[in-house]
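Please examine the model displayed below alongside its sequence. The paragraphs that follow lead from strand pairing to helix packing, and then to the nonpolar core and the loops.

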Amino acid sequence: MATDQTANTALMPESAQPDNPGHVEPHLYDDEEPLFHVSLNPSQPETIVFLHGLWSAHLEWAFVTPYLSDYHLVLVDLPGHGKSSHLFDKDPKNITIPVMADRVASLIRRVAHGGKAHVVGLSMGGFITMTLVNRYPSLFQGKSAFVTGAAPFEGVIAFMARQSWIIYAVMWTFAKMPDTLFWWISERGTAGLRRFEELRAEMKAGLKWGVISGVYASILEEVSGEKGWEIVRGLARGDVRMVNVSGGRMDDLRSSGGIKKIWEEEGVLGAEGSTTGRNRVVVVKDAVHAWDLQLPELFARGVEAWIKGEALPQEFEDL
């Protein structure tokens, strides 16, 4: 990882007071329930908060962070994961999308420079980022959001999420298989992921049925169906710049197309070379779902370009 690394395990989260308080009641936290995070390059002026996917941890960003040394990076272990896994044991509600968004909002106010941050979210972390933008737009003032692998569940994806025991069974199989077979599949199979023994060990130790089933249930309830599409419309009505990225080899491009349609109808959809439109919907054709572990340099270049308001790398094609 990059230099200036400090692990923060004892910061006291503040009460999360939504900017749009009509959505849900705020969730209050005490100093015995810290959200674990790692801070890199704290002397840099702008903060980027990274939110990982389901069945992962802050470690998954290790290949991306070296390319973003000009930024203060905050890598979070979300509730039920990594060194924040105890929060699920204390209260299963801590792994719902709204509560995780509330906790991240508290963390941003506490540790981000000026109490504001750019946010990068992958998969589950992407759904949390979308919820953050809707509930706490002031945390993004002058900032931006980069979401990948997150669009309201529909069709086969929604069906599989409702049968989360099937997904858990697949995860359990991957967790229990010999490491040599796992890495052969990951590195040489369809994923093309980089070998990362420490993250593998974290995933094997952290697999919990309650977390997997609970997160999928929350995504279905809070950010899918009509409620999910209303969140997408809300993302168009604010002033936070957001790019929604799909991995062309694994993600649901049909659902991403639904985001594109809504943002186009709302008049906020931009395109490469366009001077109008605040948001973008793009696809990286060669990317898998967890492509931060597959194409980390390209991932980082995309994040930095979006933050700076520059042209995205050519591999980011408009959907």
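**Strands, a helix and the core**

In this predicted model, strand E6 (residues 144-148) pairs with E7 in the parallel sense, over five bridges. Within this pairing, Ser 144 stands opposite Arg 241 of E7. E7 also pairs in the parallel sense with strand E8 (residues 280-284), again over five bridges. Here the bridge partner of Asn 244 is Val 281 in E8. E7 thus has a parallel partner in E6 and another in E8. How many residues of strand E7 (residues 241-247) are buried? Six of the seven are, so the strand is largely enclosed by the rest of the structure.

Ser 144 also provides a link to a part of the chain that is remote in sequence. Lys 308 is 164 residues away from Ser 144 in sequence, yet their C-alpha atoms are 9.2 Å apart in space. Lys 308 belongs to helix H11 (residues 296-308). With a relative accessibility of 46%, Lys 308 counts as partly exposed, because the value falls between the limits of 20% for buried and 50% for exposed.

Helix H10 (residues 253-265) can be examined from its geometry to its packing. Its 13 residues, at 1.5 Å a residue, should span 18 Å, and the end C-alpha atoms are indeed 18 Å apart, which agrees. The buried residues of H10 are Ser 255, Ser 256, Gly 258, Ile 259, Ile 262 and Trp 263. Viewed down the axis of H10, the buried residues fall within an arc of 145 degrees, so they line one face of the helix. The general basis is helical periodicity: an α-helix has 3.6 residues a turn, so residues three or four places apart point the same way. The face of H10 turned away from the buried side carries the exposed residues Arg 254, Lys 261, Glu 264 and Glu 265.

Against which elements do the buried residues of H10 pack? They pack against helix H9 (225-237), E7 and E8. This returns the description to the paired strands E7 and E8. At the start of H10, a side-chain oxygen of Asp 252 comes to within 3.2 Å of the backbone nitrogen of Arg 254. After the helix comes Gly 267, whose phi is positive, near 75 degrees.

Trp 263, one of the buried residues of H10, also leads into the nonpolar core. The largest such core has 102 residues, and those with the most contacts inside it are Ile 128, Leu 132, Phe 146, Trp 263 and Trp 291. Helix H2 (residues 97-111) contributes the largest share of this core, eight residues. Leaving aside residues up to four places away in sequence, Leu 132 touches Leu 51, Ala 101, Val 104, Ala 105, Val 119, Pro 137 and Phe 140. In soluble globular proteins, nonpolar side chains tend to be buried together.

Two loop residues deserve attention for their backbone angles. Asn 41 is not a glycine, yet its phi is positive, about 55 degrees. Asn 41 is located in the loop between strand E2 (37-40) and strand E3 (47-51). Its relative accessible area is 2%, so Asn 41 is buried. Ser 123, likewise not a glycine, has a positive phi of about 55 degrees. Ser 123 lies in the loop between strand E5 (118-122) and helix H3 (124-135). Its relative accessible area is 15%; because the limit for buried is under 20%, Ser 123 is buried.

Key:
Residues numbered from 1 in each chain as written. Predicted model: local features only at pLDDT ≥ 70, side-chain atom pairs only at ≥ 80, totals over all residues. Heavy atoms only, no water. Buried < 20%, exposed > 50% of the residue type's maximum accessible area, 1.4 Å probe, protein only. Helix = DSSP H or I, 4+ residues; strand = E, 2+ residues; numbered from the N terminus. Pairing = 2+ DSSP bridges. Expected span 1.5 Å × (residues − 1). Arc of directions from axis to C-beta. Contact = heavy atoms within 4.5 Å. Polar contact = N/O pair within 3.5 Å; in protein donor to acceptor, adjacent residues only side chain to side chain. Core = buried A, V, L, I, M, F, W, Y, C linked by side-chain atoms within 4.5 Å.
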